[in-house]
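Biologist: Got a minute to walk me through this one? Let's put it on the screen.

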Amino acid sequence: MTLNRTFVFYALALVGFLLLPQFIAVKYYLHLSILALIWVIAAQGQNLIQGYTGYVSIVQAGFMGIGAYSTALMGIHFNMPVWLSITLAPFVTAFFALLTGYPSLRVKGHYFAIVTLAFNMVIFIVLMNFHQLTQGEAGITGIPKPGGKEGLFNWRDRETYYYFVLIIAVLMTTLAALIVRSRIGQTLIAIRQNEDLVGAIGIAAWKYKLFAFVISAMFGGLAGAVYAHYQSFINPEIFGVAQSLDAILAVIVGGSGTIVGPVIGAFFVVFLPEYLRFADSFRLILYGLVLVLATIFMPRGIVGVTGDLLAKWERRKK
């Protein structure tokens, strides 16, 4: 797409998201839309390490868990304002990502994926068993909304929270786009294409990989913090390996290595299981089948297929 077309597309998409609550009659779908926007934040982070750097990380839900529990515990134990705890949660997540990222990134390919998978399992086990801090399986309740009980906006209204999450999702998507367009982003793409060549010309690839891993974790931590204050309740169950696989699938299905792809993929992985509820006990099997088929027949994701169709249409016009 040309620059003008790209701008028009993003402008129309933003207008669509702004008007979306006005066209949703059932409040439950607004709830799903909020969850999807939260997953947009997490998927954009996943895309930076997976789509642009070429390293599959299976720990994004674990980072969401660190962000969620960080903001909740800072509020409970330090009486910290909600806005401040949400702001600090990504930095707490970045600290843990930094500690684990350097040794993890010494390995490549499937080994890196296995190491991050193990890290996600460790996070889950700690959250589940450290009862004195996390309340274990019972979870933490009563996490306050951003505006408190009183304020200018009614934060218990889903529409208010929708616009709040939309603003964050737009800002983080813009940040991801700026990173990709920067010299750092171009280096990450070069690492994905040929890491040995990047090292051969004197670039310390590990620094850029660590940067992508830590920034990806910060996106996940922010998504987890926003989720915690939206639901007012968290427990370890929603930060397991299965949810990390959802983040990976959101990137693959939407379009790996694109900015729009994680947005589409996030809505796909949130809404599709709900639309398959009619299948009852078979819905997860159908969900898995749809994702497998989409991965096989749409390796470049929905964005890639759409781009191919538009290119064919333009060639026919000419």
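Modeller: Sure, starting with the aromatics: ring pairs link Phe-17, Tyr-28, Tyr-29, Phe-267, Phe-271 and Tyr-275 into a cluster. Rings of Phe, Tyr and Trp (its six-membered ring) pair if their centres lie within 6.5 Å; planes under 30 degrees apart count as stacked, over 60 as edge-to-face and the rest as tilted. Mind that this is a predicted model, where local features need pLDDT of at least 70, side-chain atom pairs count only at pLDDT 80 or more, and totals for chains, interfaces and linings use all residues. Residues are numbered from 1 along each chain as its sequence is written, and side-chain values use heavy atoms, with hydrogens and water left out.

Biologist: How many aromatic pairs are there in the whole structure, and what kind do Phe-17 and Phe-267 form?

Modeller: Searching the whole structure turns up 18 aromatic pairs. In one of them, Phe-17 and Phe-267 sit 5.6 Å centre to centre with 40 degrees between the planes, so the pair is tilted.

Biologist: Is Phe-267 buried or exposed?

Modeller: Buried means under 20% relative accessible area, exposed over 50%, partly exposed in between (1.4 Å probe, protein chains only). Phe-17 has 21%, so that ring is partly exposed. Phe-267 has 16% relative accessibility, so Phe-267 is buried.

Biologist: Which helix holds Phe-267?

Modeller: Helices here are DSSP runs (H or I, at least four residues), numbered from the N terminus. The pair links distant parts of the chain, 250 residues apart. Phe-17 is in α1 (residues 3-23), while Phe-267 is in α11.

Biologist: How many of the 16 residues of α11 are buried?

Modeller: α11 is largely enclosed by the rest of the structure. That's because the buried count is 13 of the 16.

How values were computed:
Helix = DSSP H or I, 4+ residues; strand = E, 2+ residues; numbered from the N terminus.
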